[in-house]
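Here are some short exercises to work through with the model open in your viewer. Try each task before you read its solution.

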Amino acid sequence: MDWYPLLNSLRIAGISSVIVFFAGICAAYYIARTPRVIKGILDVFFTLPLVLPPTVVGYLLLRIFGPRRFFGAWVFEVFGVKLTMQWWSAIFATTVVIFPLMYRTARGAFESFDERLAYAGQTLGLSNTYIFWRIRMPYCKQGILAGTVLAFARALGAYGATSMICGYTPGKTATVSTTVLQLWRTNDDGLTLKWVLVNIAISAVVLLAINLLEKRKKVD
């Protein structure tokens, strides 16, 4: 059994999760402090990939990164790098797809923060940076960790947008999701079932981790 699809899925999900961890926290922190009208507009924009069909997200990404599109063609001409049909091309898709999960979870955590703690820190002469990392983040860590785990799980199982931008090449761009579909198309039910069980096991572990984080939050 070739484990490349699992290893590829794990590294794509891992890199995407790191990106959206910082991007989601940054966006959530500043948007939570904006006026209601602006917050509503930005919230719709950042959350849109969550409700769009994955194929629509994939199509829009191809309109940007495709080799015949302006940005994709420019990168290929200047750097000689093709932005599609590479294993790391999937990072573009998974990052866009999972960003809303991290953003909304982090925003909810920040909005539940007791601002009186920040005001108390300011009266003691603490900097905003210190207050953010040493007071606000520890207070919101359970929600942010839950969002990170959930985003990682979603990235691990991404298919629609991922398959459109990186395709399926065994040993090069294959992921767990694309491998399941390809094996099913070739009537290899035995190997398909094995990959399905692997995916179910990983999903179960992720859900268990989220439940543990929620229980810890209630205890704290």
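Which way do helices α3 and α5 cross, right-handed or left-handed? The crossing of α3 and α5 is right-handed, where a crossing counts as left-handed if the near helix is turned anticlockwise from the far one by less than a right angle, and as right-handed if clockwise.

A word on the source: this is a predicted model, in which local features need pLDDT of at least 70, side-chain atom pairs count only at pLDDT 80 or more, and totals for chains, interfaces and linings use all residues. Residues are numbered from 1 along each chain as its sequence is written, and side-chain values use heavy atoms, with hydrogens and water left out.

**Exercise 1. Describe the packing of α3 and α5.**

Step one is the geometry: helix α3 (residues 54-65) packs on α5 at an angle of about 130°, and their axes are 10 Å apart. That angle makes α3 oblique to α5. Axes here are lines fitted to C-alpha atoms, for helices over the stretch in contact, and angles run from 0 to 180 degrees between N-to-C directions. Angles under 35 degrees count as roughly parallel, over 145 as roughly antiparallel, 65 to 115 as roughly perpendicular and the rest as oblique.

Step two is the side chains: V57, L61 and F65 of α3 meet F92, A93, V96 and V97 of α5, contact being heavy atoms within 4.5 Å.

**Exercise 2. Check the length of α5, then look for a bend and for burial.**

Start with the span. Helix α5 (residues 89-111) has 23 residues and should span 33 Å at 1.5 Å a residue; its end C-alpha atoms are 34 Å apart, which agrees. The expected span is 1.5 Å times one less than the number of residues, and helices are DSSP runs (H or I, at least four residues), numbered from the N terminus.

Next, the bend: α5 turns by about 35° at I98, with the proline P100 following within four residues. The bend is the angle between axes fitted to the seven residues ending at a residue and the seven starting there.

Finally, burial: 17 of the 23 residues of α5 are buried, meaning under 20% relative accessible area (exposed is over 50%, partly exposed in between; 1.4 Å probe, protein chains only). One residue to inspect is T95, found in α5, which counts as buried at 16% relative accessibility. Leaving out residues up to four places away in sequence, T95 touches S16, I19 and V20.

**Exercise 3. Repeat the check for α2.**

The 16 residues of α2 (residues 36-51) should span 22 Å at 1.5 Å a residue, and the end C-alpha atoms are 22 Å apart, which agrees. A kink of about 30° lies at F45, shortly before the proline P49. The buried residues of α2 are D43, T47 and P49, and these pack against α3 and α5.

**Exercise 4. Find the surroundings of R136.**

First locate R136: it lies in helix α7 (residues 128-156). At 5% relative accessibility, R136 counts as buried. Then list its contacts: not counting residues up to four places away in sequence, R136 touches Y29, R33, F110, F113, E115, A118 and I131. The C-alpha atoms of R136 and L117 are separated by 8.3 Å, although these residues are 19 apart along the chain.

**Exercise 5. Summarise the fold.**

Count the elements: the protein chain has 10 helices and 0 strands. Of its 220 residues, 39% count as buried.

Terms used. Helix = DSSP H or I, 4+ residues; strand = E, 2+ residues; numbered from the N terminus.
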